[in-house]
Amino acid sequence: MRFSRKAAAILLVMCAGGYLAVLTRQTGPALEQGDMKVTTWNVAAVNNNPFEYWITGNEQYNALMQNFAEEIERPTPATDWLLKDYFTEEMAAELFAAMRKARWYNVDEVERRWKADLSNRKAITEFLKDKVIGKKRLISMFDRVTNTVATSKGTVFRPTPINCYAGDLSRVNVWWPKWLEYIFDEEHSVQARDGRWPKKQIQHMLVPITRAKYPSVTAEEEQMSIPLQTLHGAIFDTVLTNALYTIDREWPQVRSEMCSKLNTGKPRRTLDILHSHYSDSEVIFLQEFSGSMVAEFEQHALSSRFKLHKPAGFDNYRNQNSVILLQTGKWADTEELTGAALQKMEGGASPGDLLVLAATHLPTNSLLLLSSFHGDTNGLLSKPVLNAVLHTRGTLRKLIFGLDANTHQSGDATHQGVQDFTDYFVDRNLNSCWGENPNPRNFTTFHARTHLQSQLNKAVTFADQAAKGDKHPKDFIIFDRQHFSLKRTTKDNTGEAVYKENTVFPTLAFPSDHGIVSAVLAPFE
């Protein structure tokens with residue numbers, strides 16, 4: 001089948017789920033002399049949990065997720081036991097002994113809470129589904145820090161179903177001692193922000209849960225938040241492991257396939273997509289770029305065509321860094337101005353979220369300001385960051401800005417709406433890859449979280465994906481309208497320069513929950 005070179009071909013195909021999807025093939029005219037192709041992509045740093053999202057195209061995976069969701073939504077006596085029947089007295093005693101050996105404070109009070117309250121709760125209805133526990137981040141904070149850790153000798157995993165741990169989880173007498181060793185005993189060289197690789201135990205990476213950030217936490221709980229979250233994390237892993245084996249004893253095989261496609265193989269697949277379809281870009285803005293992706297890039301064919309620029313505040317812990325790839329031979333005299341931009345803000349942006357570069361574009365001999373940014377969940381930093389970047393532009397630099405603005409279809413006091421964001425940059429004489437009046441339903445994300453993860457408040461059932469999934473127009477390329485005209489824009493959620501509407505992603509072929517956005521700009525003389 002041939003497609004017109006003048007327009008994208010629209011193909012209607014039936015999806016596996018039974019609804020009609022629109023398949024947009026991103027073909028178009030070849031680049032003309034003077035055209036500048038620019039691309040932006042939130043590659044979504046390697047997702048530690050291979051079960052976190054509903055995916056397209058794997059029936060066995062989706063069946064497992066549906067069965068688990070059913071057990072959570074409508075628990076049965078087979079899984080909704082008392083916690084003390086899952087997390088036994090012996091396990092609790094061993095955990096509290098490890099805490100005391102580590103000289104943690106407030107262990108006695110945490111143990112009293114376990115005996116008086118938690119141990120007698122039902123595992124699903126009164127623990128996993130407890131909204132107060134969720135608001136206090138007593139499970140998810142522990143999981144975020146300990147789930148998967150990059151070390152000088154490779155990646156290490158907490159023994160849990162929700163990562164790529166390769167050990168035996170079928171027998172508690174095998175995995176539980178290893179869980180304790182992982183948290184309290186093993187030492188790993190983990191890269192610090194200053195580039196050194198000091199040895200540390202996982203227990204020393206845990207962070208307190210503060211009332212300032214999570215108001216549901218009491219003053220007493222704030223003081224005991226390290227042992228309290230560790231107890232909740234241990235119970236959580238025990239309940240998940242037992243529940244999964246009750247539902248489907250073949251679940252480790254499903255997880256193994258997910259890990260190979262979405263986790264361990266993700267950095268290479270991400271770079272392969274860029275190399276195959278976007279290597280004609282003169283600049284590529286990337287967000288949520290991880291330390292493992294940096295190492296993969298250095299060995300990849302893409303590195304022979306592009307130079308990778310990282311912010312001085314590149315954070316190996318968060319793995320949510322913004323970087324810029326500049327095509328070799330097209331740029332010179334690069335200078336980082338991120339610090340100057342951040343000085344214009346009153347906090348908010350985390351280290352690595354923003355990169356601002358001044359550079360000379362050799363084909364046009366013009367001074368450009370290039371910026372890449374990964375916004376906060378609700379998009380409220382997108383306008384302040386854009387304003388801060390503009391303050392570093394000076395009088396001669398022309399702006400091109402690739403970002404995950406995290407804008408929403410409609411905004412409110414707590415969510416940045418796409419139209420309000422557009423009005424903001426249009427008022428500053430800027431245009432975007434979606435023009436000056438973007439369609440709020442021109443989505444660049446469509447994902448839905450399963451129940452098999454540490455924040456059940458974000459879970460969506462299989463049937464509710466379309467109605468409750470995260471579908472928003474989040475990703476932008478913004479530029480000076482007096483210096484550039486927009487020739488065309490494309491997006492991609494397949495890794496084949498094709499965007500398939502009404503389809504959740506990531507998929508086994510496309511490893512990010514954000515689509516790729518690419519635009520062809522024509523610089524004015």
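**Close-up views of a six-stranded sheet and a helix pair**

**View 1. Strand 15 meets strand 18.** Asn-431 has Phe-479 of strand 18 as its bridge partner. The model shown is predicted. Strand 15 pairs with strand 18 (residues 475-480) in the antiparallel sense. Three bridges join strand 15 and strand 18.

**View 2. The open sheet of six strands.** Strand order is 11-12-13-14-18-15. Pairing is mixed. Strand 11 (331-336) and strand 15 (430-432) stand at the edges. Each has a single partner strand, so one side of each lacks a neighbour in the sheet. On average, neighbouring strands are turned by 20 degrees against each other, direction ignored.

**View 3. Helices 15 and 16 lie across strands of the sheet.** Helix 15 (residues 382-390) lies across strand 12 (354-361), strand 13 (366-374), strand 14 (398-404) and strand 15. Helix 15 runs at about 155 degrees to strand 14. Helix 16 (residues 418-426) lies across strand 14, strand 15 and strand 18. Its angle to strand 18 is about 15 degrees.

**View 4. Helix 3 packs with helix 4.** Helix 3 spans residues 89-101 and helix 4 spans residues 107-116. The two pack at an angle of about 165 degrees, and their axes are 10 Å apart. That angle makes helix 3 roughly antiparallel to helix 4, because angles over 145 degrees count as such. The crossing is right-handed.

**View 5. Residues in the contact of helix 3 with helix 4.** Helix 3 contributes Ala-92, Phe-96, Met-99 and Arg-100. Helix 4 contributes Val-107, Asp-108, Val-110, Glu-111 and Trp-114. By class, six residues of this contact are nonpolar, three are charged and none is polar.

Terms used. Residues numbered from 1 in each chain as written. Predicted model: local features only at pLDDT ≥ 70, side-chain atom pairs only at ≥ 80, totals over all residues. Heavy atoms only, no water. Axes fitted to C-alpha atoms, helices over the stretch in contact; angles between N-to-C directions. Helix = DSSP H or I, 4+ residues; strand = E, 2+ residues; numbered from the N terminus. Parallel < 35°, antiparallel > 145°, perpendicular 65-115°, else oblique. Left-handed = near helix turned anticlockwise from the far one by under 90°. Contact = heavy atoms within 4.5 Å. Nonpolar A, V, L, I, M, F, W, Y, C, P; charged D, E, K, R; others polar. Pairing = 2+ DSSP bridges.
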